[in-house]
Amino acid sequence: MKPHFPPPPIRRALRPALAAALLAAAALAPAPARAQDYTWTLSVLGGLGGPLSDGGGTDTGYQVGFGLQFEPGANVWAHAGQLDFDTGGNVGDLAAGTIRYVNLGGEYLFNEGYYDSGIFLGLGLYDLAARRILAPDVLAPRSSDSVLGIVLGATGEFKITPSFVVLAEISGHVLDSPDIRVLGTGFAGFGFHF
């Protein structure tokens, strides 16, 4: 068994200095995110949508989003939104409904000259709350159901300033629900890059 000797005092003094030098070098090194125009995006959108089973809807909704650009032209994001809906007026359909959702996904952006276009794909959790039509003018009590879904869409981003943009988005949400299979949305609004 080898005897254990403590390191010489000079080596003990150099360890904190070496650690501080490495931290300073890492902090001052140019990172890919710093070379870009922005790293984070906050967005607020409003618009229309509804179940596509009856040709789409004109119900109102909103969406807020938060994104992180991890390389030029590629973002990860989180969206949270709400949309009012009805699936029809027949017995068994849903009326006075509200969908609240949270989506997580990724987006690729393409520079088109005066604007950027993008496509995105994500997974989400959707909470559907509505009243079922039991008979003409007779509604069941409000009930809710949470389902999983996939969202696919396209975006357009028009830069007003480097940090303020106008956004437009259309998307389809495929839900694991017997009442709403596909939900379509179209939103417009603004975003802040920082």
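These legends walk through several close-up views of one predicted model.

Residues are numbered from 1 along each chain as its sequence is written, and side-chain values use heavy atoms, with hydrogens and water left out. In this predicted model, local features need pLDDT of at least 70 and side-chain atom pairs count only at pLDDT 80 or more, while totals for chains, interfaces and linings use all residues.

**View 1. The whole chain has one helix and nine strands.**
Start at the N terminus and you meet the elements in the order α-β-β-β-β-β-β-β-β-β. Helices (H or I, at least four residues) and strands (E, at least two) are DSSP runs, numbered from the N terminus. Of the 194 residues, 35% count as buried. Here buried means under 20% relative accessible area, exposed means over 50%, and partly exposed is in between (1.4 Å probe, protein chains only). The chain exposes about 11,600 Å², and 68% of that comes from carbon and sulfur atoms. Those areas come from the Shrake-Rupley method with a 1.4 Å probe, and for residues only the protein chains shown count as cover. Now for contacts, meaning heavy atoms within 4.5 Å. Among those with a separation of 6 or more, 55% join residues 24 or more positions apart.

**View 2. The largest nonpolar core has 19 residues.**
A nonpolar core is a set of buried Ala, Val, Leu, Ile, Met, Phe, Trp, Tyr and Cys residues joined through side-chain atoms within 4.5 Å. In this one, F85, I99, Y126, L128 and I180 touch the most other members. Two or more residues each come from strand 3 (74–85), strand 4 (94–111), strand 5 (116–135), strand 7 (143–159), strand 8 (164–175) and strand 9 (182–193). Strand 5 gives the largest share, four residues. Zoom in on L128: leaving aside neighbours within four places in sequence, L128 is in contact with T98, I99, S143, S144, D145, V147, S177 and I180.

**View 3. A single cavity of 30 Å³ or more sits in the structure.**
Rolling a probe the size of a water molecule over the atoms shows where empty space is left. On a 1 Å grid over the protein atoms alone, a cavity is a set of points where a 1.4 Å probe fits but cannot get out, and its lining residues have an atom within 4 Å of a point. Grid points are joined across faces, edges and corners, and the volume is the space filled by probe spheres set on the points. For the largest cavity, that volume is about 270 Å³. Its lining counts 22 residues, with T41, S43, H79, E107 and L167 nearest the centre. Strand 1 (40–51), strand 2 (59–71), strand 3, strand 4, strand 7 and strand 8 each give two or more residues to this lining. The largest share, five residues, belongs to strand 2. Sort the lining by type and you get ten nonpolar, nine polar and three charged residues. In that sorting, Ala, Val, Leu, Ile, Met, Phe, Trp, Tyr, Cys and Pro count as nonpolar, Asp, Glu, Lys and Arg as charged, and the others, Gly among them, as polar.

**View 4. L94 and G88 touch each other.**
L94 is found in strand 4, while G88 lies in the loop between strand 3 and strand 4. L94 counts as buried because its relative accessibility is 7%, whereas G88, at 28%, is partly exposed. Skipping residues up to four places away in sequence, L94 touches F85, D86, T87, G88, A130, R131, R132 and D179. The C-alpha atoms of L94 and R132 are 4.5 Å apart, although 38 residues separate them along the chain. With neighbours within four places set aside, G88 is in contact with D93, L94 and I133. From G88 to I133 the C-alpha distance is 9.1 Å, across 45 residues of chain.

**View 5. A96 and D137 are non-glycine residues with positive phi.**
For A96, phi is near 50 degrees; for D137, phi is near 65 degrees. A96 belongs to strand 4 and is partly exposed, at 45% relative accessible area. D137 lies in the loop between strand 5 and strand 6 (138–139), and its relative accessibility of 83% is why D137 counts as exposed.

**View 6. F158 is a residue of strand 7.**
At 31% relative accessibility, F158 counts as partly exposed. Not counting residues up to four places away in sequence, F158 touches Y114, Y115, V165 and V166. S117 is 41 residues from F158 in sequence, and their C-alpha atoms are 9.0 Å apart.

Notes:
1 Å grid on protein atoms, 1.4 Å probe; cavity = no way out; pocket = protein on both sides within 12 Å on 5 of 7 lines; lining within 4 Å.
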